[in-house]
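Got your viewer open? Let's take a walk through this one together, one selection at a time.

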Amino acid sequence: MKKVKIYVTLRESILDPAGNAVKDSLHKLGHKYVKDARIGKFIQLELEDTNNIDEKIKDMCEKLLSNTVIEDYSYSID
């Protein structure tokens, strides 16, 4: 059994209104040193079949878990 941690974030070229709202709210709370905030998704999967695991993870990410037009993804396998 493998545990996979997948991180999905907006590409740098895409505006992140939710990230801006978080940054602005942190500034209002006195955390003026926060220069930027980006919001993303964290997905954790447990996989039984570990054959071709990288290929399977990429397939899941590209077909369902991320929108590859505006998002990037990365993953780690434990």
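Before you click anything, here is one term: the radius of gyration is taken over C-alpha atoms, and the rule for a globule is 2.2 Å times the number of residues to the power 0.38. Keep in mind, too, that what you have on screen is a predicted model.

**Stop 1: the whole chain**

Show everything as a cartoon. The protein chain has a radius of gyration of 16 Å, while a compact globule of 78 residues would come in near 12 Å. Turn the C-alpha trace around and you can follow its spans of about 50 × 25 × 15 Å along the principal axes.

Now colour by secondary structure. You should find 2 helices and 3 strands, and if you read along the sequence, they come in the pattern β-α-β-α-β. Of the contacts between residues at least 6 apart in sequence, 68% join residues at least 24 apart.

Switch on the surface for a moment. About 5700 Å² is accessible, and 53% of that belongs to carbon and sulfur atoms. As for burial, 22% of the 78 residues count as buried. If you like colouring by charge, there are 13 positive and 14 negative charges, and their mean positions lie 7 Å apart.

**Stop 2: the core**

Hide the surface and select V4, I6, V8, I43, L47, I53, I57, C61 and L65 as sticks. These 9 residues form the largest nonpolar core. In soluble globular proteins, nonpolar side chains tend to be buried together.

Which elements each supply at least two residues of this core? They are β1 (2–10), β2 (40–47) and α2 (53–65). The largest share, 4 residues, comes from α2.

**Stop 3: I6 and L65**

Zoom in on I6, which sits in strand β1. Is I6 buried or exposed? I6 is buried, because its relative accessible area is 0%, and the cut-off for buried is under 20%. Leaving out neighbours within four places in sequence, I6 is in contact with K41, F42, I43, L45, I57, C61, L65, S74 and Y75. Try drawing a distance from I6 to Q44 as well: they are 38 residues apart in sequence, but 6.2 Å apart from C-alpha to C-alpha.

Next, click L65. Again setting aside residues up to four places away, L65 touches I6, V8, K41, I43, L45 and M60.

**Stop 4: T9**

Go back to strand β1 and pick T9. With 37% relative accessibility, T9 counts as partly exposed. Beyond residues up to four places away in sequence, T9 touches G40, I70, E71 and D72. Then draw a line from T9 to E48: these two are 39 residues apart along the chain, and their C-alpha atoms are separated by 26 Å.

**Stop 5: two loop residues**

Select Y33, in the loop between α1 (17–28) and β2. Y33 counts as exposed because its relative accessible area is 60%, and exposed means over 50%. Add K23 to the selection: K23 and Y33 are 10 residues apart along the chain, with 9.8 Å between their C-alpha atoms.

Last, hop over to N52, in the loop between β2 and α2. N52 is exposed too, with a relative accessible area of 54%. Check its backbone angles if your viewer shows them: what is the phi of N52? It is positive, about 55°, although N52 is not a glycine.

Conventions. Residues numbered from 1 in each chain as written. Predicted model: local features only at pLDDT ≥ 70, side-chain atom pairs only at ≥ 80, totals over all residues. Heavy atoms only, no water. Core = buried A, V, L, I, M, F, W, Y, C linked by side-chain atoms within 4.5 Å. Buried < 20%, exposed > 50% of the residue type's maximum accessible area, 1.4 Å probe, protein only. Contact = heavy atoms within 4.5 Å. Areas by Shrake-Rupley, 256 points an atom, 1.4 Å probe, with all protein chains shown as cover. Lys, Arg positive; Asp, Glu negative; His and termini not counted. Charge placed at Lys NZ, Arg CZ, Asp CG, Glu CD.
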